[in-house]
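This report walks through one structure, residue by residue where that helps. Keep the coordinates open while reading.

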Amino acid sequence: MTTAADYTEKIPNNVSLHEDRRLQRALESWQPNFLTWWDSMGPTLPTRDVYLRTAINVGRDGWAQFGHVPMRDYRWGIFLAERDPGRMIGFGEHKGEPAWDKVPGEYRSDLRRLIVIQGDTEPASVEQQRNLGTTAPSLYDLRNLFQVNVEEGRHLWAMVYLLQAYFGRDGREEAEELLRRSSGSLESPRILGAFNEETPDWLSFYMFTYFTDRDGKYQLGTLKESAFDPLSRTCEFMLKEEAHHMMVGTTGIDRVVERTAQVMVENDTDDVDGLGVVSLPVIQKYLNFHYSVSLDLFGGDTSTNVANYYTAGLKGRWLEDRRRDDHKLTSDAIMVDALTEDGEIGQNEVAALIGLNTDLRREYIADCQSGVNRWNKILADAGLPQRVALPHVAFNRKVGSFSAIEASPDGEKLSPEEWEQRKGAWLPTDVDKTYVRSLMQPVYERGKIAAWIAPPRHGINGKPFDYDYVHLS
Ligand code: BYC
């Protein structure tokens, strides 16, 4: 096993692909289909080249290189984190046994399902973001969008590698299906709800990369714990790339809030809608939407699927090795969100194993709160009293116990009629969306930025903000 990528191969990889001719041929025959998908469903803005980071290595000397590349020639490759030959399974009924290099027959369909669901989200997000290039607020932002897009493409490769290498014919069929489903399609939509929503403007893009990519961080974190070692190592490597996506979301929202706060202070008004920036209430509505659809991505509050995955060793908990318990959880309990007998918002005690989606969702919620604290600090530093907040966990849910009811962002249960009357105050309305879209005029001049967002504090890889990050064609 080498750690440096072999770039002389058609498919860069650090998995010694040339030693497995069958797999190499299978991946090489999938490659043109991937490129056809990229051409028809990937970014629509024509570009000559983009200053991109390309994954090259897993060693200590750095794992990526930067340079201007035509996006279609991006070296999508297969990278797994380095193998730890003594790795032991850290949880579930196989705890303490050696990690698996192959898929045990009895877990084949569950593992395939997890890998397919993960794989399905990656191309979906590229599809959702494909038109954003036409309205980028700066070349810096445009470059970040494309970086996220090519890396989501690489994450699809990562899952397709696992499917083709370990799941035989079914895996090859699933790999084709990943290119066949498409975001928002009526006939063959993407699997999870949030990945069929639109990402029509840049405020949505930052919210998506903050809230929805963050679900990716947590799900990958649990799959990194997997007893199936190739999955674990794949996810570990993906998490490196994911950190940049988190940065794009966090600092993107920072910069929107910062610019809005500046205009509020300069004009001494809360009512900034006509002043070329997004008002705080509209920012809050976008936040409410993206947060609530991302909470749904964690599945039901209780789930026998997740209990089985954990017991089998397929999917662990966030930072499993830092948990101070027996890592089997057969006699533990957890309080999960639930409706009470009379249908009110409440909690219920269940076996810890079936509450594991809740455990992960709570880790995620705590992390989301850290963004809210940052944005509120920006408002406080500007001398403003307004604050943003995460809505209640029962707000706008389509999956889990609270999908049966309607609730306000404060967690007050509402009748369906009240919800219909009031939801426009909490979720983006057509008027809000039209206004936000009206701000989305592209700025492609070096060093310039749209008026609705503040410039970033730092450029990419030590380059200044006014660097020529993208050459348009
Ligand atoms: N929409 O037993 P339950 C990322 C289905 S994001 C529609 O509670 P479970 C990324 C569910 O499939 C991370 N359907 O579910 C981010 C099940 O169906 P069946 C993606 C949903 O299995 C940005 C039924 O409802 N990775 O990487 O405990 C950009 C009962 O559900 C939804 C993963 O998610 C939904 N939201 O948990 C790019 C990791 N939720 O079996 C990339 C892999 C549930 O009755 N997936 N259903 O037909 C999993 O770990 C789990 O499958 C889930 C669901 C957490 C998704």
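His 327 is buried, with a relative accessible area of 11%. The residue lies in the loop between α8 and β3 (333-339). Its phi is positive, about 60 degrees, although His 327 is not a glycine. The model is a predicted one.

Ser 16 also has a positive phi, here about 50 degrees, and is not a glycine. Ser 16 sits in the segment before α1. Its relative accessible area is 13%, so Ser 16 counts as buried.

**The ligand site**

Where does the ligand sit? The ligand occupies the largest pocket. Around the ligand are 29 residues. The closest are Arg 113, Gln 118, Gly 300, Ser 303 and Lys 315. Three elements each give two or more residues to the shell around the ligand: α2 (108-128), α5 (202-223) and α8 (304-312). Of these, α2 gives the most, with 7 residues.

Polar contacts to the ligand include the following.

| Ligand atom | Protein partner | Distance |
|---|---|---|
| Oxygen | N or O atom in the side chain of Asn 357 | 2.9 Å |
| Nitrogen | Polar backbone atom of Asp 296 | 3.2 Å |
| Oxygen | N or O atom in the side chain of Thr 121 | 3.4 Å |

Taken alone, the ligand exposes 1100 Å². The protein buries 79% of that area.

**Helices α2 and α7**

How many residues does α2 have? Helix α2 has 21 residues. From its first C-alpha to its last, α2 reaches 30 Å. That is close to the 30 Å expected at 1.5 Å a residue. Of the 21 residues of α2, 17 are buried, so the helix is largely enclosed by the rest of the structure.

Helix α7 covers residues 280-296 and has 17 residues. At 1.5 Å a residue, α7 should span 24 Å. Its end C-alpha atoms are 25 Å apart, which agrees. Why is α7 described as largely enclosed by the rest of the structure? Because 16 of its 17 residues are buried. Asp 296, whose backbone contacts a ligand nitrogen at 3.2 Å, falls at the end of the α7 range, 280-296.

**Thr 234 in α6**

Thr 234 is found in helix α6 (residues 229-267). Is Thr 234 buried or exposed? Thr 234 is buried, with a relative accessible area of 1%. Its side chain reaches the backbone oxygen of Pro 230 at 2.6 Å.

**The loop between β2 and α2**

Two residues of this loop can be read together. Arg 83 lies in the loop between β2 and α2. Its relative accessible area is 39%, so Arg 83 is partly exposed. Arg 83 and Arg 233 are 150 residues apart in sequence. In space, their C-alpha atoms are 7.2 Å apart.

Asp 84 is placed in the loop between β2 (64-69) and α2. At 45% relative accessibility, Asp 84 counts as partly exposed. A polar atom of the Asp 84 side chain lies 3.0 Å from the backbone nitrogen of Gly 86. How many residues separate Asp 84 from Asp 229 in sequence? The separation is 145 residues. C-alpha to C-alpha, Asp 84 and Asp 229 are 9.1 Å apart.

**Two further loop residues**

Leu 45 has its place in the loop between α1 (21-41) and β1 (47-55). Leu 45 is buried, with a relative accessible area of 13%, under the 20% limit. Leu 45 and Leu 472 are 427 residues apart along the chain. Their C-alpha atoms are separated by 8.2 Å.

Ala 389 is in the loop between α9 (356-381) and β5 (406-407). With a relative accessible area of 38%, Ala 389 is partly exposed. Along the chain, Ala 389 and Ser 204 are 185 residues apart. Their C-alpha atoms are separated by 17 Å.

Notes
Residues numbered from 1 in each chain as written. Predicted model: local features only at pLDDT ≥ 70, side-chain atom pairs only at ≥ 80, totals over all residues. Heavy atoms only, no water. Helix = DSSP H or I, 4+ residues; strand = E, 2+ residues; numbered from the N terminus. Expected span 1.5 Å × (residues − 1). Buried < 20%, exposed > 50% of the residue type's maximum accessible area, 1.4 Å probe, protein only. Near = heavy atom within 4 Å. Polar contact = N/O pair within 3.5 Å; in protein donor to acceptor, adjacent residues only side chain to side chain. Areas by Shrake-Rupley, 256 points an atom, 1.4 Å probe, with all protein chains shown as cover. 1 Å grid on protein atoms, 1.4 Å probe; cavity = no way out; pocket = protein on both sides within 12 Å on 5 of 7 lines; lining within 4 Å. Sits in = over half its atoms within 2 Å of the grid points.
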